[in-house]
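Q: Please take a close look at the largest pocket. What lines it, and which elements supply the lining?

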Amino acid sequence: MTTVSSPPVLAGSWIDGAPVSTGGPTHAVVSPATGRPVAEYQLAQPADVDAAVSSARAALRGWSTATPAERSAVLAKLAKLADEATADLVAEEVSQTGKPVRLATEFDVPGSVDNIDFFAGAARHLEGKASGEYSGDHTSSIRREAVGVVATITPWNYPLQMAVWKVLPALAAGCSVVIKPAEITPLTTLTLARLAGEAGLPPGVFNVVTGSGADVGTTLAGHADVDMVTFTGSTPVGRRVMAAAAVHGHRTQLELGGKAPFVVFDDADLDAAIQGSVAGSLINTGQDCTAATRAIVARPLYDDFVAGVAEVMGKVVIGDPHDPDTDLGPLITLAHRAKVAGMVERAPGEGGRIVTGGVAPEGPGSFYRPTLIADVSEQSEVWRDEIFGPVLAVRSFTDDDDAIRQANDTAYGLAASAWTRDVYRAQRASREIHAGCVWINDHIPIISEMPHGGFGASGFGKDMSQYSLEEYLSIKHVMSDITGVVDKAWHRTIFTKR
Ligand code: NAP
């Protein structure tokens, strides 16, 4: 007889520098590749959210008044510990998301470590206007102060990176944090909090509460005793989070959905555009807010582009995400696969032609084949709505004006790319396409020094870079009289005679 051992039940919260389990229901983390549980943890209760916020409030003064050098040293140590824990972080990320091990090893974890390292440095680089006598009678100076207690809510697609993008600039700025990762992918966020404790982060500065959005998420987003709410996730949920925070007038920052255009002009390197569109649309099984989703291709290149993309998509290896030869892992859940499949199946009814894919392979897990849909109409669902799967839709354009118009014909504005060898076209595309990032002759790369964040329905505010540090800082003007006189010049506007 074989016995199947159950995974141990983990503490689902990290509060005041320690794991916390207060009882109550547990949740199984399931591998999307197998459908089998890989971990089980205790869900946070509303009282845990209160405890986490109180802990963050209590820790705020000490951390926000630590010197930049002291904060930097702790974050640098965290980067080192995260780097040393790469194997564990990769294993957790692959198990809980099903993303291919090559992606986790070469992108998620090293990218996160680099981002932590960047913010260790950024903690020492607060900037502002020069102090000076702008009025003549006063010295004005600028202080940048931590916003306070930050509530953060993150999605399941890049659990570690999304946590790092939100938590690290907040910590570098001197804020304390309570983060709620997605219920289905809490493991690497909990590990990050533990590593932060080992790096010397004072208890209470970085807290984690786990559970569903409807439960723990709403409690946290609407909590009266936080100072700011930052969110990464879908546009509808982001708007609900903003409404909950607005009840208390709390500052918000939202990184939301996307529907990135991929514009191929008639002078583009066609092979580069074909390969770039497949890589850009299939990264993380298309579950990437910046993924290429709408290819807008010059009419003379259209047929060759469609044929080339279909050929490259056909060679993509789908399979066990732990296998280094696997290119494409599963979608996050069977329910999400059903949503993706439904959108693809409705596409022909709106004029789309499924060139390749459009089916799920046999077997366990929530896999879905790379899918190319050509000739879609501008009003069709697959052209307008976020699919968040390995699906690229294609249309042609007539001239450059039409290309830019189609690229901008979306409520979203997170990312876009333009493919051309003409410097003037590249300049025009980067100027006129309405998106937080425009790539030229590439699509997807990000870098810690540069900002990430959208326009319109994709949200507002920035992750990564010095700009994201600013999200977590309040600017204070200090104006000191330097005359020492009672009768100040401006008093004449109040007193005619004294
Ligand atoms: P989601 O459904 O919006 O969930 C995001 C987070 O919000 C999860 O932790 C979720 O909790 C929580 N949540 C759900 N309802 C809530 C509520 N009423 N109040 C407070 N929190 C609530 O998004 P997702 O499906 O996880 O992620 C995919 C989406 O994220 C896509 O739209 C993608 O474009 C976007 N995204 C954007 C960026 C960016 O940088 N712009 C980056 C990555 C992803 P539970 O899941 O635990 O219920």
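A: What follows describes the pocket, its lining and then a second pocket.

This is a predicted model, in which local features need pLDDT of at least 70, side-chain atom pairs count only at pLDDT 80 or more, and totals for chains, interfaces and linings use all residues. Residues are numbered from 1 along each chain as its sequence is written, and side-chain values use heavy atoms, with hydrogens and water left out.

A pocket is an open set of points on a 1 Å grid over the protein atoms alone, where a 1.4 Å probe fits, with protein on both sides within 12 Å along at least five of seven lines. Lining residues have an atom within 4 Å of a point. A volume is the space filled by probe spheres set on the points, which are joined across faces, edges and corners.

The largest pocket holds about 900 Å³ of space. Its lining has 35 residues. Nearest the centre lie Trp156, Phe231, Gly233, Ser234 and Val237. At least two lining residues each come from helix H7 (213-221), strand S10 (228-232), helix H8 (235-246) and helix H11 (334-346). Helices (H or I, at least four residues) and strands (E, at least two) are DSSP runs, numbered from the N terminus. H8 gives the most, 6 residues. By class, the lining has 17 nonpolar, 12 polar and 6 charged residues. Here Ala, Val, Leu, Ile, Met, Phe, Trp, Tyr, Cys and Pro count as nonpolar, Asp, Glu, Lys and Arg as charged, and the others, Gly among them, as polar.

The second largest pocket holds about 710 Å³. H4 supplies the largest share of that lining, 7 residues.
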